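Subject: Handing over a structure

Hello,

Here is the structure I promised to pass on to you. Please open it first, and then read my notes alongside.

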Amino acid sequence: MADRVKKVTYCYAKVPSRAGQGARVLKELRDADVSLLAFSGFPAGGGKAQLDFIVESATELRRVARNNGWRLSKPKKAFLVTGNDAVGAVERHIAKLADQKISVTAADAVCAGKGRYGMILWVKPKDFARASRTMRAK
């Protein structure tokens with residue numbers, strides 16, 4: 001089966017970089033039944049951490065954020081890649097972009113078990129349409 005490359009929208013929130021903050025935010029999302037397609041968290045400097053939320057629909061995410069006083073970013077775009085895990089599964093997508101002189105801003109990939117993998121991939125906004133065509137994103 002061929003890999004699936006999906007255009008996704010995400011928002012992020014910056015939270016204090018302290019133990020338990022990510023767990024607290026994720027619990028609120030779970031309790032509100034917000035289903036995440038992907039999640040990424042990392043240090044953002046200045047005592048903050050950035051939490052990226054990729055969801056099917058941002059409506060519920062925004063409601064939970066508003067109820068909890070979280071400031072969400074404006075919607076941004078990324079790619080969600082899923083497929084069969086094999087040697088070079090991630091490289092083939094990165095190479096397609098490199099061949100078109102499109103720089104990857106960031107990528108997170110993981111083996112999902114049972115022969116599957118997933119990857120979140122970010123490019124600069126100015127390159128998003130060209131990257132979409134290059135990767136045949138839906």
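A word on one term before anything else: a residue is called buried when its relative accessible area is under 20%, exposed when that area is over 50%, and partly exposed in between. By that rule Phe53, with a relative accessible area of 0%, is buried. Please keep in mind throughout that this is a predicted model.

Let me begin with the whole chain. The protein chain has four helices and six strands. Following the sequence from start to end, you meet them in the pattern β-α-β-β-α-β-α-β-β-α. How does the radius of gyration agree with that of a compact globule? For 138 residues, such a globule would come near 14 Å, and the protein chain has 16 Å, which agrees. Along the principal axes, the C-alpha atoms fill a box of roughly 40 × 35 × 25 Å.

Some totals for the inside and the outside come next. Buried residues make up 36% of the 138 in the protein chain. The exposed area of the protein chain is about 8400 Å², and 52% of this is supplied by carbon and sulfur atoms. On the charge side, the protein chain carries 27 positive and 12 negative charges, and the mean positions of these two sets are 6 Å apart. As for contacts between residues at least 6 apart in sequence, 71% of them join residues at least 24 apart.

Now to the aromatic rings. How many aromatic pairs does a search of the whole structure find? The search gives three, and I will describe two here. Tyr10 and Trp122 form an edge-to-face pair, because their planes stand at 80 degrees, with the ring centres 6.2 Å apart. This pair links distant parts of the chain: Tyr10 belongs to strand β1 (residues 4–16) and Trp122 to strand β6 (residues 116–123), with their positions 112 residues apart. Are these two partners buried or exposed? Tyr10 is buried at 9% relative accessibility, and Trp122 is buried too, at 7%.

The other pair is Phe39 with Phe53, and it is tilted, with 40 degrees between the planes and 5.9 Å from centre to centre. Phe39 sits in strand β2 (residues 36–45) and Phe53 in strand β3 (residues 48–55), so this pair ties together parts 14 residues apart in sequence. The partners fall into separate classes: Phe39 is partly exposed at 33% relative accessibility, while Phe53 is buried at 0%.

Strand β3 also holds Ala49, which is buried at 13% relative accessibility. What does Ala49 touch, once neighbours within four places in sequence are left aside? Its contacts are Ala13, Lys14, Val15, Pro16, Ser17, Phe42, Pro43 and Ala44. The C-alpha atom of Ala49 is 8.4 Å from that of Arg18, although 31 residues along the chain lie between their positions.

Back in strand β6, have a look at Val123. Val123 is buried, with a relative accessible area of 6%. Beyond its neighbours within four places in sequence, Val123 is in contact with Phe79, Leu97, Ile102, Ser103, Val104, Thr105, Phe128 and Ala131. One of these, Phe79, is 44 residues away along the chain, and the two C-alpha atoms are separated by 8.6 Å.

Gly88 gives another view of distance. You will find Gly88 in the loop between β4 (76–84) and α3 (89–99), and at 29% relative accessibility it counts as partly exposed. Gly88 and Lys74 are 14 residues apart along the chain, with 34 Å between their C-alpha atoms.

Finally, two residues for anyone who likes backbone angles. Lys114 is not a glycine, yet its phi is positive, near 50 degrees. Lys114 lies in the loop between β5 (104–113) and β6, and is exposed, with a relative accessible area of 88%. Arg136, also not a glycine, has a positive phi of about 55 degrees. Arg136 comes in the segment after α4 (128–135), and its relative accessible area of 70% makes it exposed.

I hope these notes help you find your way around.

Warm wishes

Notes. Residues numbered from 1 in each chain as written. Predicted model: local features only at pLDDT ≥ 70, side-chain atom pairs only at ≥ 80, totals over all residues. Heavy atoms only, no water. Rg over C-alpha atoms; globule rule 2.2 N^0.38 Å. Buried < 20%, exposed > 50% of the residue type's maximum accessible area, 1.4 Å probe, protein only. Contact = heavy atoms within 4.5 Å. Areas by Shrake-Rupley, 256 points an atom, 1.4 Å probe, with all protein chains shown as cover. Lys, Arg positive; Asp, Glu negative; His and termini not counted. Charge placed at Lys NZ, Arg CZ, Asp CG, Glu CD. Phe/Tyr/Trp six-rings, centres within 6.5 Å; stacked < 30°, edge-to-face > 60°.
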